[in-house]
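Here are some short exercises to work through with the model open in your viewer. Try each task yourself before you read its solution.

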Amino acid sequence: MERIVDCFLPLSEGSEIIKTVACLKAIKIVNNIILLRTVNQQIPDALKDMDALTIDHLKSSKTMQTIAAHSQMRYTLLYLKEQYLEMGLYALERMVSIAQDSAAGMVYADHYKVSFSGLQSKSPVIDYQMGSLRDDFDFGSLLLFRTEAMKEAVAKMKSDYQAAGFYDLRLKLSEEASLVHINEYLYSEVETDNRKSGEKIFDYVDPKNRVSQVEMEKACTEYLKDVGGYLAPHFVEIEFDKASFEKEASVIIPVRNRIRTIRDAIHSALSQQTTFAYNVIVIDNHSTDGTTEAIREINDERLIHIIPKRNDLGIGGCWNMGVNDSACGKFAVQLDSDDVYSDEHTLQKVVDAFYEQNCAMVVGTYMLTDLDKNPIPPGKIDHAEWTPDNGRNNALRINGLGAPRAFYTPVLREIKLPNTSYGEDYALGLYISRIYQIGRIFDVLYCCRRWEDNADAALDIEKTNNNNLYKDRIRTWELNARIALNKE
């Protein structure tokens, strides 16, 4: 059988690397196995006869260039973990077959994750699409490239990244070739990140990852310019005096079954000190746990309690109902039923920001806390990556825009939110940023309280994949719209 695959894998300590090498050597289509080692790593005696390349970081630009330069076969296999890799029966042959049939630039596959205790579980991944711009898109750890396509993509790489090299490579690759997901479980790997979904979602805004995030933004912006989706910092001006409202602002609280937290949220909203008139609109989406009764107990003429007649509303649909109610003020300000404002001045700061920054949407800064408002890691989430010049472009890469979010009501009434309970605010933010300036407040305005009943606290892999697939679809729609806008 013809040997058509060169394999590259990071050197690790212990027996894992020896077992992985043995697994790959047993595959007849494998030509050569090359170890990727850092300067201080020592190659085990059992592997002394193997080829090795010295690298700086596994996902750096130089490493991607080095791999492309040293791969001589038709296909290049790259493994991105140091733990033991076990290939399924004829799995590499299957990956090559799909790569040939699809003419893909890269293929990746579903796989099994094995815990340190030996428990095996399925780990499906999702299809890649034009809007799959998240730098943490999960391909799994085993990637098969068509070597020619990989070399062409590497030749287009213009920057020297430490952390964003692989991200830059796959963006360049996707410009000319497809990245194909094989919906088959083709290998097993050891799981090293056993955190719950609610703990992982804040990695990209953790301050310790700031340097790498700057690199990712640069790579993404370059890609957007290449494909015609980059937007220069020119925005439609808002004339706030054209619209007449009885109230200057409304705090919008969608809720369903949050008896433990809804009182806190409403009292936080009603305690705001402002120079203008405002109200609090609670859209109670048919709660069954006592939430409805708790809302009715609060006696304040500023509190508007709406129970929809419909039974098909997600969070976005509840927002649409609240914003289009005649009682809604000029500015609609978000407060989740789990959360509270950091103090009594939040609403004033948000409304002031609309006028000062002439924007259709304002996004504040929040603190991750427990239910008692004690900060928990990573603490302050300020989305410091947002800049007036490039925020609207980088928004296509990141997974959210921050909180609290507030909107100029006439714009929101015109656009409307998707009737979903995940990603609806992100879709709205992308649409608004396409046309209007989004204002930012970098003071902490909001306590995002994490507890066991948060909607994203502990999602299974199927729900996580569905959420990620939907957000990638939102990005795809938005990117296509921006490319069309630029063509006009």
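**Exercise 1.** Find where K416 lies in this predicted model, and work out whether K416 is exposed, partly exposed or buried.

*Solution.* Start with the helices: K416 sits in the loop between α13 (409–415) and α14 (424–435). Now check the backbone: K416 is not a glycine, yet has a positive phi of about 70°. Last comes accessibility. The relative accessible area of K416 is 42%, and the partly exposed class runs between 20% and 50%, so K416 is partly exposed.

**Exercise 2.** Do the same for N257: which loop holds N257, and what is the sign of its phi?

*Solution.* N257 belongs to the loop between β10 and α8. Its phi is positive, about 55°, although N257 is not a glycine. With 24% relative accessibility, N257 counts as partly exposed.

**Exercise 3.** Stay in that loop and find the salt-bridge partners of R258 and R260.

*Solution.* Take R258 to begin with. Its side chain meets that of D338 in a salt bridge (2.8 Å, N to O). The pair links distant parts of the chain, 80 residues apart: R258 is in the loop between β10 (249–255) and α8 (262–270), and D338 is in the loop between β13 (331–334) and β14 (340–341). Both R258 and D338 are buried.

Next, R260. Its side chain forms a salt bridge with that of E452 (2.9 Å, N to O). This pair also links distant parts of the chain, 192 residues apart, with E452 in the loop between β18 (438–449) and α15 (461–487). E452 has 56% relative accessibility, so E452 counts as exposed.

**Exercise 4.** Work out which parts the salt bridge between K172 and E222 ties together.

*Solution.* Look at the contact itself: the two side chains meet at 2.4 Å, N to O. Then place each residue. K172 is in helix α5 (residues 165–176) and E222 is in helix α7 (residues 210–227), so the pair ties together parts 50 residues apart in sequence. K172 and E222 are both buried.

**Exercise 5.** R392 has no salt bridge. What does its side chain reach instead?

*Solution.* Locate R392 in helix α12 (residues 391–394). R392 is buried, and the nearest side chain of opposite charge, E478, is 8.0 Å away. A salt bridge has to be within 4 Å, so E478 does not qualify as a partner at 8.0 Å. Instead, the side chain of R392 reaches the backbone oxygen of R434 at 2.7 Å. Beyond its neighbours up to four places away in sequence, R392 touches residues including H234, F235, W386 and R482.

**Exercise 6.** Which residues of the largest nonpolar core touch the most other members?

*Solution.* The core has 112 residues, and I253 and I432 touch the most other members. Pick I253 and list its contacts, leaving aside neighbours within four places in sequence: among them are I262, A265, V280 and L335. Another core, of 37 residues, lies apart from it and includes V5, A99, V107 and I182.

**Exercise 7.** Find the cis peptide bonds that lead into P378 and P404.

*Solution.* P377 and P378 are joined by a cis peptide bond with omega about 0°, and P378 is in strand β16 (residues 375–381). The bond from A403 to P404 is cis too, with omega near 0°. P404 is in the loop between α12 and β17 (405–408).

Technical notes
Residues are numbered from 1 along each chain as its sequence is written. Side-chain values use heavy atoms; hydrogens and water are left out. Helices (H or I, at least four residues) and strands (E, at least two) are DSSP runs, numbered from the N terminus. Buried means under 20% relative accessible area, exposed over 50%, partly exposed in between (1.4 Å probe, protein chains only). Lys and Arg count as positive and Asp and Glu as negative; His and the chain ends are not counted. A polar contact is a pair of N or O atoms within 3.5 Å; within protein, one must be able to donate a hydrogen and the other to accept it, and residues adjacent in sequence count only if both atoms are side-chain atoms. Contact means heavy atoms within 4.5 Å. A nonpolar core is a set of buried Ala, Val, Leu, Ile, Met, Phe, Trp, Tyr and Cys residues joined through side-chain atoms within 4.5 Å.
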